[in-house]
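Please open the model in your viewer, with side chains switched on, and follow the stops below in order. Each stop says what to select and then what is found there.

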Amino acid sequence: MATNQEKDGQNPSKKPQKSGSGAISKTKEPAIIRGKPKSGRIWKSQKERFATVKKSVRGKRPTQHLAYRDEIKQIKELSQSIKDSKRRENEEKRLRREDNKRRRLENERKSEIVQIIKNPAKLKRMRKKQMRMIEKRDVSSLNVV
C-alpha cells in the first residue's frame with residue numbers, strides 16, 4: 001500500500017542530492033557489482049585515482065576551508081609517500097636483478113670447460129655446428145696449463 005506522500009511523487013526515505021561541482025557527498029554509494037573482467041584477472045580491484053579522492057569546496061567558512069586544506073595536504077603527502085616507496089622498491093628490484101644477472105654470468109664463466117685451440121688449421125677442418133659452439137675468451141685471466 002502506498003502512502004499519500006508516495007502518490008504525490010515524494011518519497012520520504014530518499015532525499016534529493018545536491019548536484020554541483022562544489023558539493024561533497026558525505027554518503028558512500030554502495031559498491032557496484034562488477035562482472036568478470038575481460039582480461040580474466042578477477043583478483044584486480046577497481047582503483048581510485050588520488051585526484052578523485054577529494055573535491056574542492058567553495059563558499060565555506062574560513063575554519064572549514066583551513067581544515068579542508070589541511071586534509072588535502074595530508075592526502076597529497078600520503079600519495080607522494082606511496083609513490084616514493086614504489087619508486088624505491090622498483091629501484092631496489094632493478095639493482096637486485098642486475099646483480100643477480102652479473103653473478104650468474106660470472107658463475108657461468110667460472111664453470112666453463114676451456115680448451116685452447118693453438119692450431120688454426122683445426123678451425124678450417126671444423127664443421128659449421130662445431131664452429132657455432134666456439135667462443136672467444138680472454139685466456140690471460142684463466143689458469144690453463
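Select Asp99, Arg102, Arg103 and Glu106 together, and you will have on screen a network of salt bridges that links these four residues. As you look at such contacts, keep in mind that this is a predicted model. A search of the whole structure finds eight salt bridges, and the next stops visit several pairs.

Next, select Arg94 and Glu98, whose side chains form a salt bridge in which the closest N and O atoms are 2.7 Å apart. Both residues belong to helix α2, which covers residues 62–110, and they are separated by four residues, or about one turn of the helix. Colouring by accessibility would show Arg94 as partly exposed, with a relative accessible area of 32%, and Glu98 also as partly exposed, with a value of 44%.

Now zoom out a little to see the whole chain. Its secondary structure comes to four helices and zero strands, so that, read along the sequence, the pattern is α-α-α-α. Of the 145 residues in the chain, 3% count as buried.

From here, select Glu112 and Arg137, whose side chains meet in a salt bridge with an N to O distance of 2.9 Å. This pair links distant parts of the chain, since Glu112 sits in the loop between α2 and α3 while Arg137 sits in the segment after α4, 25 residues apart. Are these two residues buried, partly exposed or exposed? Glu112 has a relative accessibility of 29% and therefore counts as partly exposed, and Arg137, at 29%, is likewise partly exposed, because the partly exposed class runs between the 20% limit for buried and the 50% limit for exposed.

Keep Arg137 selected and add Glu135, because a salt bridge also joins the side chains of Glu135 and Arg137, at 2.7 Å from N to O, and salt bridges are counted here within 4 Å. Glu135 is exposed, with a relative accessible area of 53%.

Glu135 also leads to the next stop, the second largest pocket, where Gln115, Ile116, Ile117, Ile134 and Glu135 are the lining residues that lie nearest the centre. The lining is made up of 19 residues in total, and the volume of the pocket is about 600 Å³. To see which helices take part, select α3 (120–125) and α4 (128–133), the elements that give two or more residues to this lining. Of the elements, α4 gives the most, with three residues. If you colour the lining by residue type, it divides into 10 nonpolar, three polar and six charged residues.

For the last stop, stay with Ile134, which lies in the segment after α4, and add Ile117, Leu123 and Met131 to the selection. Together, Ile117, Leu123, Met131 and Ile134 form a nonpolar patch on the surface, with about 280 Å² of accessible area among them. Ile134 itself is partly exposed, with a relative accessible area of 33%, and it therefore passes the cut-off for patch residues, which is over 30%.

Definitions and conventions:
Residues numbered from 1 in each chain as written. Predicted model: local features only at pLDDT ≥ 70, side-chain atom pairs only at ≥ 80, totals over all residues. Heavy atoms only, no water. 1 Å grid on protein atoms, 1.4 Å probe; cavity = no way out; pocket = protein on both sides within 12 Å on 5 of 7 lines; lining within 4 Å. Points joined across faces, edges and corners; volume = space filled by probe spheres on them. Nonpolar A, V, L, I, M, F, W, Y, C, P; charged D, E, K, R; others polar. Patch = residues over 30% accessible without salt bridge, like charges linked within 9 Å, V, L, I, M, F, W, Y side chains within 5 Å. Areas by Shrake-Rupley, 256 points an atom, 1.4 Å probe, with all protein chains shown as cover. Buried < 20%, exposed > 50% of the residue type's maximum accessible area, 1.4 Å probe, protein only.
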